[in-house]
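Biologist: Before any discussion begins, I would ask that the model be displayed. I should then like to put a series of questions about it.

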Amino acid sequence: SGCKACVTACHSLNGLDEEETWRDVGVVYNATQGESFLQHITSACHHCVEPACLSACPTNAYEKDPFSGIVRHLDDQCFGCQYCTLACPYGVPKYHAKKGIVRKCDLCSQRLSHNEAPACVQACPHEAISITTVNVEEVKQKSAVNDFLPCTHDASYTKPTTIYHHSKPLPTSILRGDHYAIEPEHAHVPLVVMLVLIQMALGGFVFAGILVGMGAQTFSSRSLALLMLVSFGMGQTALAAATLHLGRPMYAFRGVLGLMHSWLSREAATFGGFAAASGGVTSLVAVNAFAPWLFDYAPVTKQMIEAMMWVNLGGTVVFGFAGTFCSVMVYVFTQRAFWNFRQTNLRFFGTVVVGGASLTLMVLTAFPVLAGLWGSETVPPAGSLILFLGITLMVASVLKIMSELAIMGHLKDEVLTDQKKSVLLLCGALKNTSLLRLICLVSGGVMLPLVILMFSSSMTPSMLTAVSMLSGLCITGGELAERTLFFQAVVAPRMPGGLRL
């Protein structure tokens, strides 16, 4: 009946905080003219056969009881990454900001162990909720044909064990109560900073390897050493920013415990390898460029040093690309429409190319100016090198713009799909951020590089540096805006909410 006695009982008997709920009540209704229909839906954890929260958790903070099937959250093991809140398609795990961890329904396990009914079952005045043993094979068969509850995520994803009974068939045009509610999601600022900076850092190392491979730079070039130092610094800043997203950052080391099943653990492990390998090649190149005499005290030859540089640079690129792919899968795993495999790959790897080209152009044009301030003489980058970086930046930026604007085609969808909701957010509540993103990418990735290509031969080193720096700042700001939209414009699957027309 929507009395919410179950919500109150769960809140009271589990000692939840004021803003915390483990059971919710929503509404579904008939969306067409004819027979009226409105039904309240109560829901908590569905204790799925294949729980996404358990698979996603990087710290193994979830366990599924082999006898009862109850999915429990181990509060002491959780470090508050909140990935399970993204992975669960029913909005079950709830983040507790004060405690810095996630908490959820455990079907009142302690009460069950004493032959007492869960709080929600005991409190319901209409006996609308009951606890029973289910047949797992039947659950799997129903989930395979998505026989769960209309207006919810595809049941084959997690195979929920809750069974909703109806006294008569549900209308075919049923809608969730909050179907027309379109609101931005959380921005997750630390993740925005982490993803953008580490992808730009990877791009810097990729272009460093390309320049050495094509003979435009050598491992003894101080400008190349500066590029690697800047890229390494950005990578370390990104990893430090990631810990700010954790509710309990002192337990960040637990992030690799779920390596066998969690994409987040794999991301942490591969980016750890990226940090180690990038630190190795940066140190070697920096010493080789600024203090080569130090190698005189090491029992190694010049050929061995160069081989170690290539090995570390290769490891940096391999770990970096593997980590970026894991970043893609972290979000693809959640099965949110806006975070689909194709678009997420284009966004993340597009940042590697655009950010790397921009960063390389900035450093190489700025180095002669910095060297002049130090009283050293150096040769400005060759016109062919500037041409290569400028064209690469422009082409990659245009392709990125086209790929991001492609989603606008969903405005023509006849029904209000999740993708259309994302577009409406981009053009509505998030329009200022969308406009900023477009202006920054067009300015920094197309207009300013075009100016450099057309007038670089007549520009002074200081002027060329200024334009390149402005382009780089626009690119960085634009990528941060794009990644903010990535998190805020997504539509999260969850159970039906309250009626909102």
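**Exposure, helix packing and core**

Modeller: In this predicted model, Asn 60 counts as partly exposed because its relative accessibility is 34%.

Biologist: In which loop does Asn 60 lie?

Modeller: Asn 60 is notable for a positive phi, near 55°, in a residue other than glycine. Its place in the chain is the loop between helix H2 (52-56) and strand S3 (62-64).

Biologist: Does Asn 115 count as buried or exposed?

Modeller: Asn 115 is not a glycine, yet its phi is positive, at about 60°. This residue belongs to the loop between helix H4 (109-113) and helix H5 (119-123). Exposed means over 50% relative accessible area. Because the relative accessibility of Asn 115 is 77%, this residue counts as exposed.

Biologist: What is the relative orientation of H9 and H10?

Modeller: The axes of helix H9 (residues 263-290) and helix H10 (residues 302-332) come within 7 Å and cross at roughly 155°. Angles over 145 degrees count as roughly antiparallel. The two helices, H9 and H10, are therefore roughly antiparallel to each other.

Biologist: What is the handedness of the crossing of H9 and H10, and how many nonpolar residues does their contact have?

Modeller: The crossing of H9 and H10 is left-handed. By class, the contact of H9 with H10 has two charged residues, twelve polar ones and, as the number requested, 17 nonpolar.

Biologist: Which helix gives the most to the largest nonpolar core?

Modeller: The largest nonpolar core has 66 residues, and those with the most contacts inside it include Phe 219, Trp 339 and Phe 487. With 14 residues, the helix that gives the most to this core is H7 (residues 189-213).

Biologist: How many residues does the other core have?

Modeller: This other core lies apart from the largest one. Val 354, Ile 386, Leu 389 and Val 467 are among its residues, and its size is 20 residues.

Biologist: Does His 188 count as buried or exposed?

Modeller: His 188 is located in the loop between strand S7 (174-176) and H7. Buried means under 20% relative accessible area. Because His 188 has 11% relative accessibility, this residue counts as buried.

Biologist: Which residues does His 188 touch, not counting those up to four places away in sequence?

Modeller: Phe 487, leaving aside its neighbours within four places in sequence, is in contact with residues including His 188, Leu 191, Tyr 331 and Trp 339. With residues up to four places away not counted, His 188 touches Gln 82, Leu 86, His 245 and Phe 487.

Note on methods:
Residues numbered from 1 in each chain as written. Predicted model: local features only at pLDDT ≥ 70, side-chain atom pairs only at ≥ 80, totals over all residues. Heavy atoms only, no water. Core = buried A, V, L, I, M, F, W, Y, C linked by side-chain atoms within 4.5 Å. Buried < 20%, exposed > 50% of the residue type's maximum accessible area, 1.4 Å probe, protein only. Helix = DSSP H or I, 4+ residues; strand = E, 2+ residues; numbered from the N terminus. Contact = heavy atoms within 4.5 Å. Axes fitted to C-alpha atoms, helices over the stretch in contact; angles between N-to-C directions. Parallel < 35°, antiparallel > 145°, perpendicular 65-115°, else oblique. Left-handed = near helix turned anticlockwise from the far one by under 90°. Nonpolar A, V, L, I, M, F, W, Y, C, P; charged D, E, K, R; others polar.
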